[in-house]
Amino acid sequence: MRIGILTGGGDCPGLNAVVRGVTKSALRRGWEVIGFRDGYRGLVEKDFVSLREHDVSGIIIRGGTILGTSNTANPFAYTLAPLGSAEKPRDLSKLAFKNFSELGLGALVAIGGDGTLTMAQRLYKMGMPVIGVPKTIDNDLSATDVTFGFDSALNVATEAVDRVHTTAESHNRVMIVETMGRYAGWIALRAGIAGGGDIILLPEIPYRAEDIVKAVLHRKRSGKKFSIIVVAEGARPEKGRMTVTRLVKGSPDPLRLGGVSYKIAEILDKSRIGLESRVVVLGHVQRGGEPTAFDRWLATGFGVKAGELLAKKRFGQMVSFRNFGFTGVSIMEAVGKLRRVSPGAQEVRTALAVGASFGNSRLTG
Ligand code: F6P
């Protein structure tokens, strides 16, 4: 059999470990492997490379993806023109299908998040034998307990929270660290707990400005003249919206978030609590660099499991990590429904129990 692999959507640490896991295990089964360049662009434009043992050797520790990726290449709404041009997107899914057949492929492994997997599901519906592999630093995909990339991003965010602690304490400042995560607050929540954040602001628990101020003042009065706020980019006030920085035309989700931390700083500055605040927006630093040991392990397991699902012809499935084991679930089950932090979750109660505030006094442990 000859199989194709692609990596789509935003990159994250661990993609190469999956490519390696799929390729090495497939080669051992006697299959041939090709990798499409830049996600679905490679499939639509027949742009690919052959993957042999030496091509994937040594890439387990490398961040990013050796295949390249795209968060706009969509076979169902494709444009050959540069981003932002007036060209109308066309449905080139039949061309993608033709290329797939002409290349003599028996299956496609699509590694990506919600957008990439939704496209994979649509191709599967058209008759393409597809296996999905879930990736995202946001950890917001249903049907898997964890996605690779998340742990690496979490470690970067936690290290940042650790680092601002000493400078916050020295200057008696409020340091506000903004994490990624889009509509889910997993990175902020876990970095907040692991880094000992004082206030954790999540998209799932809208904040009240007065409660953020109260929490900082409470600490000040009890002798702690500094505070660390960990805020997810998707956090929003109780009666307000998320902070959008830009719109990316052609992306499955065109909204790009970012900048809410400046609004939090403004709230504190206006409140005259007598403490200066500073903002650190972590941004893509969270997506770069080498994957952690956990992500390498998870991504390798995902890659090998994808090979197993292929061998069993369990097409239309996505690999998943559930209850400490690798398994297969339908892609349908995984896409469309985000896995977000529940305000009543045990880890939210854990943070409350150690004195953290979620910037909303209505939330109690
Ligand atoms: O979904 C992963 C993610 O890093 C989000 O956390 C973030 O909101 C978004 O992608 C950023 O997208 P881009 O790389 O297009 O700026």
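**Exercise 1. Find the partner of Arg 287 and give the N to O distance.**

Step 1. Start with the rule: a salt bridge needs a side-chain nitrogen of Lys or Arg within 4 Å of a carboxyl oxygen of Asp or Glu.
Step 2. Go to Arg 287 and you'll find its side chain meeting that of Asp 11 in a salt bridge, at 3.1 Å from N to O.
Step 3. Keep in mind what you're looking at: this is a predicted model, in which local features need pLDDT of at least 70 and side-chain atom pairs count only at pLDDT 80 or more, while totals for chains, interfaces and linings use all residues. Residues are numbered from 1 along each chain as its sequence is written, and side-chain values use heavy atoms, with hydrogens and water left out.

**Exercise 2. Work out which parts of the protein the salt bridge between Arg 182 and Asp 253 brings together.**

Step 1. Check the pair: the closest N and O atoms of Arg 182 and Asp 253 are 3.7 Å apart.
Step 2. Place both ends. Arg 182 is in the loop between β6 (173-179) and α7 (186-194), and Asp 253 is in the loop between β9 (244-247) and β10 (255-257), so the bridge ties together parts 71 residues apart in sequence. Strands and helices here are DSSP runs (E, at least two residues; H or I, at least four), numbered from the N terminus.
Step 3. Look at accessibility, where buried means under 20% relative accessible area, exposed over 50% and partly exposed in between (1.4 Å probe, protein chains only). Arg 182 comes out partly exposed at 24%, and Asp 253 is partly exposed at 23%.
Step 4. Zoom out: the whole structure has 25 salt bridges. Among them is Glu 276 with Arg 278, at 2.8 Å; Glu 276 is partly exposed at 44%, and Arg 278 is partly exposed at 34%. Elsewhere, shared partners join Arg 208, Glu 210, Asp 211, Lys 214, Glu 238 and Arg 362 into one network of salt bridges.

**Exercise 3. Follow the aromatic pairs that run through Phe 321.**

Step 1. Rings of Phe, Tyr and Trp (its six-membered ring) pair if their centres lie within 6.5 Å; planes under 30 degrees apart are stacked, over 60 edge-to-face, and the rest tilted. That rule gives nine aromatic pairs.
Step 2. One of them is Trp 297 with Phe 321, edge-to-face at 5.5 Å centre to centre with 85° between the planes. Trp 297 belongs to helix α10 (residues 293-311) and Phe 321 to strand β12 (residues 317-322), so this pair ties together parts 24 residues apart in sequence.
Step 3. Trp 297 is partly exposed at 45%, whereas Phe 321 is buried at 6%.
Step 4. Phe 321 also pairs edge-to-face with Phe 324, at 6.4 Å and 85°, and Phe 324 is exposed at 79%.
Step 5. Put it together: ring pairs link Phe 148, Phe 294, Trp 297, Phe 302, Phe 321, Phe 324 and Phe 326 into a cluster.

**Exercise 4. Describe the interface between domain 1 and domain 2.**

Step 1. Get the bounds, which come from an automatic or database domain assignment: domain 1 is 2-148 + 289-335, and domain 2 is 153-287 + 342-353.
Step 2. Their C-alpha centres lie 32 Å apart. Each domain puts 17 residues into the contact, meaning heavy atoms within 4.5 Å.
Step 3. The buried area (accessible area, 1.4 Å probe, lost on putting two parts together, summed over both) is about 1200 Å², with 53% from carbon and sulfur atoms.
Step 4. On the domain 1 side, Asn 71, Ile 137 and Asp 138 lose the most area, together 40% of what that side buries.
Step 5. Finish with the charges: one salt bridge is found across this interface.
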